[in-house]
Amino acid sequence: MRRWIGIIILILLFGILPHVLSRYYVILLTKILIFAIFAMSLDLLVGYLKLPSLGHGAFFGIASYFIGIFSTRVGNSFWLNFPLAIAMAVVVAAVFGLLVLRTRGAYFFMISLALSQMLWGIAFSWRFLTRGDDGIPGISRPVIGFLPWSLQDPICYLYFVLFFFMVAFILMYILVQSPFGHTILGIRESELRMRTLGYNTWLHKYIWFIISGLFAGLAGGLSVYFNGFVSPTSLSVAISADALLMVLLGGAGTLIGPVIGAGSLVLLENIVSAYTGRWLLVLGIIFVLVRMTTPYGILGLVNRSGSKEQRRHEGIGG
Amino acid sequence: MSFWVIQTLNGITFSMVLFLITAGLTLIFGLMRIINLAQGCFYLLGVLIGFSVLQSTNSFLLCLFFGIIATGILGIMLQRFFLYRFQDDHEGQVLLTLGFVFILSDLALLIWGGEPKLLPKPSLFEGSIEIGSNFFAIYRLVMILIGVLIALGLWLFIGRTRMGALIRAGADDIEMARGLGISIPILFTGVFGLGAALSSFGGIIAGPLIGAHPGLEWDILLLSMAVVLIGGLGSLKGAFLGSLLVGLVDNFCKVLIPELGLFVIFGAVAIVLAFKPTGLFGRL
């Protein structure tokens, strides 16, 4: 019952809000949704496999660059570029997965960072293809034949992103509830035990990793149409760290937590940037504070206080 | 012919700088099982603090002294006040050092500004020697010498002194070491500070060649990660050989195929990982 009320409220919210809010906040909301998809995709690794990746921006950025390069040089066909960009992210995830999943713990952290930095290095120095530090400007939003609206309109683009967000959320939700998702949780808790039970744990992890890359690619594709611009920043460690912070801030292993984390962080960045150019400093301080105080993120705080209340009620009842 | 000699020597020079950073990284990992992502920041801060000291005192020795002491103390404080609270949560500690990378590099940008800086060469080592038809700076030879001396010193320190024995004991079996009455917290903090100091030492002696600029902390961190991924974490020998390999490859790529530098290095990393996931001399 509560879940349905929640869904109805959400639908009403997204039905009304974009028309009430100013353009500025519509754009901000779009950005939040894009980062929410990205953070959820990272949560698949951080929360469900305990693999804290510091290189998730690789998949985000490769999809962005693919669309950027193709739509400015070859042709701006959404039906070709968008799926191919996501496929590109999948291919990169499949290659990286072969390397990173051989490692654990500290090595995983380093190799994921190193591989994504390698792509950043290519984007930065291969000026012929990527125009280096200047980035690729002038990427226009796609024209989708059967849609009666133009995606140039911020509200329409918001709904466009919202559609993909809902699809991604539902798919990932089904995924983590599925037998496959439960197997992954089993591997997280004890890989040795799962292997002894006869599961091919490596293959499970590998496919899970690729799926995570796929959704990150989706977010990257939406992001490049949103900005109309792509630069090495989309591959940088800063964007990977942003996503990691969103996951940790909201609460890893919950899917909804990263969404909350994405919302709070994007809003906060906007507020901070209005007053000072020292966003990285603030980001770092938040990062440290979050790690020092709330190991389970915002959602962990909410759940904890909820269960406390429950316990009190039970106490009174008993 | 002299081209190859010069470029090899250039590569080795850079290898020695890399070794100083990765020695810290690997010592910290060996003992505490965490990756200190702030090593690149300590490098950068060493150069920048040294730059300020050099401007006011004009003495390279003082610059070296204050740069190392200041970053060493910073490292000690970072470990003592923050990482220390998460003794058994390795992942949490690594993420904390990541937070400090952002804080420290943005603070450095705030204090010293964004323009690239080079330290002036100490006047004692000006000049160059002739190799074939090319010239090679004496300062680079001095850097190689310093690197080799530090490597030898660390090797003796870890292998032959009482302090080194304590560190080895902590790295091998921390419970046992604690049971024998070794003060693990002091050991942890000390080694963390030593690691930070080594990194800033590398930064300052490379200051006349590489200097400091925004983003350098990530470049340095990335290359030192390639080193430990190849050489293996927790082993000084691995750090030394890995540094030599990465330093040479990096230098030859910069000269011959500048676009593909990182690609070649991480190709090497990939090949090593494919056969030995813990690096050549790693222990995990």
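Trainee: How many residues of chain A are in contact with chain B, and with how many residues of chain B?

Mentor: Good place to start, and keep in mind that this is a predicted model. Contact here means heavy atoms within 4.5 Å. By that cut-off, the residues in contact are 34 of chain A and 43 of chain B.

Trainee: What area do chain A and chain B bury between them?

Mentor: The size of an interface is often given as the accessible area lost when the parts come together. Of the area buried here, 80% is on carbon and sulfur atoms. On the chain A side, A:Y107, A:M110 and A:R291 lose the most area to chain B, together 20% of what that side buries. The area for chain A and chain B comes to about 3500 Å².

Trainee: Which side chains meet in a salt bridge between the chains?

Mentor: The count between chain A and chain B is 1 salt bridge. Its N to O distance is 3.0 Å, and the cut-off is 4 Å. The partners are A:R278 and B:D106.

Trainee: Which element gives the most residues to the side of chain A that touches chain B?

Mentor: Happily, there is a short list: α5 (105-125), α11 (237-250) and α13 (279-293) of chain A each give two or more residues. The one that gives the most, with 12 residues, is α5(A).

Trainee: What is the radius of gyration of chain B?

Mentor: Chain B has 11 helices and 2 strands, and buried residues make up 55% of its 284 residues. With 284 residues, a compact globule would have a radius of gyration near 19 Å, so the value for chain B agrees: 19 Å.

Notes. Residues numbered from 1 in each chain as written. Chains lettered and ligands numbered in written order. Predicted model: local features only at pLDDT ≥ 70, side-chain atom pairs only at ≥ 80, totals over all residues. Heavy atoms only, no water. Buried area = accessible area lost by both parts, 1.4 Å probe. Helix = DSSP H or I, 4+ residues; strand = E, 2+ residues; numbered from the N terminus. Rg over C-alpha atoms; globule rule 2.2 N^0.38 Å. Buried < 20%, exposed > 50% of the residue type's maximum accessible area, 1.4 Å probe, protein only.
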